[in-house]
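Hi everyone, thanks for coming. I'll take you through a few spots in one protein, so have a look at it on the screen first.

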Amino acid sequence: MYVGRFVVVGPDVAAYRVSSRSFPNREIREREDALTVGPTANAEETDNPYVEYNCVRETTDGAQAVLGNGSHVDPVVEKLDLGYPARDALASVLLALDFEKDDYDTPRVAGVLDDDGDAYVGIVRRDALLVRKVDEPTIVATYERDAPEAFALDATDAEGAAAEVYEHAFEHAVCAAGVARDGDGFETAVHNG
């Protein structure tokens, strides 16, 4: 089954996976303040604005981690830095940016891990905006799984989460990122195909 890009968010660990039929030559790069999805060196050139974006970022104080499938990750972090509650930051940014205006009306998916143990997942698609607080690993994807639902994620650390979602049976895996609580902050990991 092809579900496109997806996030899995649980109370202590989260992951994001790029699955793509159209732009498979991508990877996640670790930068100083973010994990960024972008084309590999051998990727064909494209002017598609949805191919490169930050997929994981922490707030300035390191109290929250945000993950998602596009340019909405950065403004969610900005809202959190301003003191918005996680639910409100997700809802306001997803509503403002709406689904991607591409050939498929691709939904935007996102998740937030708070340092106080809370976790949230959200999606905006053509017909709905959904933001939920979750207390078990929960998936939301751009296709087929486009409403939050429970997901069996066994990983307890960032590296395990990235590898586990990358290896999942959903089709066309490209790369994945994992995030996990680590003391007073978060650890991240990348799994490129």
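Before we start, one bit of vocabulary: two strands pair if DSSP finds at least two bridges between them. And keep in mind that what you see is a predicted model.

Okay, so β1. There are 4 bridges between β1 and β10, and the two run antiparallel. Within that pairing, Val7 sits opposite Val140 of β10. Now look at β2, residues 13-19: 4 bridges join β2 to β1 as well, again antiparallel. Here Val8 faces Ala15 in β2, and a hairpin of 3 residues links β1 to β2.

What about the two faces of β1, are they buried or exposed? Here's a handy thing to remember: in a regular strand, side chains alternate between the two faces of the sheet. In β1, Phe6 and Val8 are on one side, Val7 and Val9 are on the other, and all of them are buried, so both faces are covered.

Next up is Arg5, in the segment before β1 (6-9). Arg5 is buried, yet has no salt bridge. Why not? The nearest side chain of opposite charge belongs to Glu100, and that is 5.1 Å away, while a salt bridge needs the atoms within 4 Å. What does the Arg5 side chain reach instead? The backbone oxygen of Ser19, at 3.1 Å. Arg5 also touches plenty of residues further along the sequence, including Tyr16, Tyr53, Asn69 and Val140.

On to the cysteines. How many disulfides does a search of the whole structure find? The count is 0. Cys55 is in no disulfide, and its nearest cysteine sulfur is that of Cys175, 7.1 Å away. Because those sulfurs sit 7.1 Å apart, they are too far for a bond. Cys55 is buried, at 0% relative accessible area, and Cys175 is buried too, also with 0%.

Last stop: backbone angles. Most residues other than glycine have a negative phi. Asp98 has a positive phi, near 65°. You'll find Asp98 in the loop between α2 (86-97) and β7 (108-114), partly exposed at 26% relative accessible area. Glu144 has a positive phi as well, near 65°. Glu144 is in the loop between β10 (138-141) and β11 (149-150), and counts as exposed, with 55% relative accessibility.

That's my tour, thanks for listening!

Methods:
Residues numbered from 1 in each chain as written. Predicted model: local features only at pLDDT ≥ 70, side-chain atom pairs only at ≥ 80, totals over all residues. Heavy atoms only, no water. Buried < 20%, exposed > 50% of the residue type's maximum accessible area, 1.4 Å probe, protein only. Disulfide = S-S within 2.5 Å. Lys, Arg positive; Asp, Glu negative; His and termini not counted. Polar contact = N/O pair within 3.5 Å; in protein donor to acceptor, adjacent residues only side chain to side chain. Contact = heavy atoms within 4.5 Å. Lists of a residue's contacts leave out its neighbours within four places in sequence.
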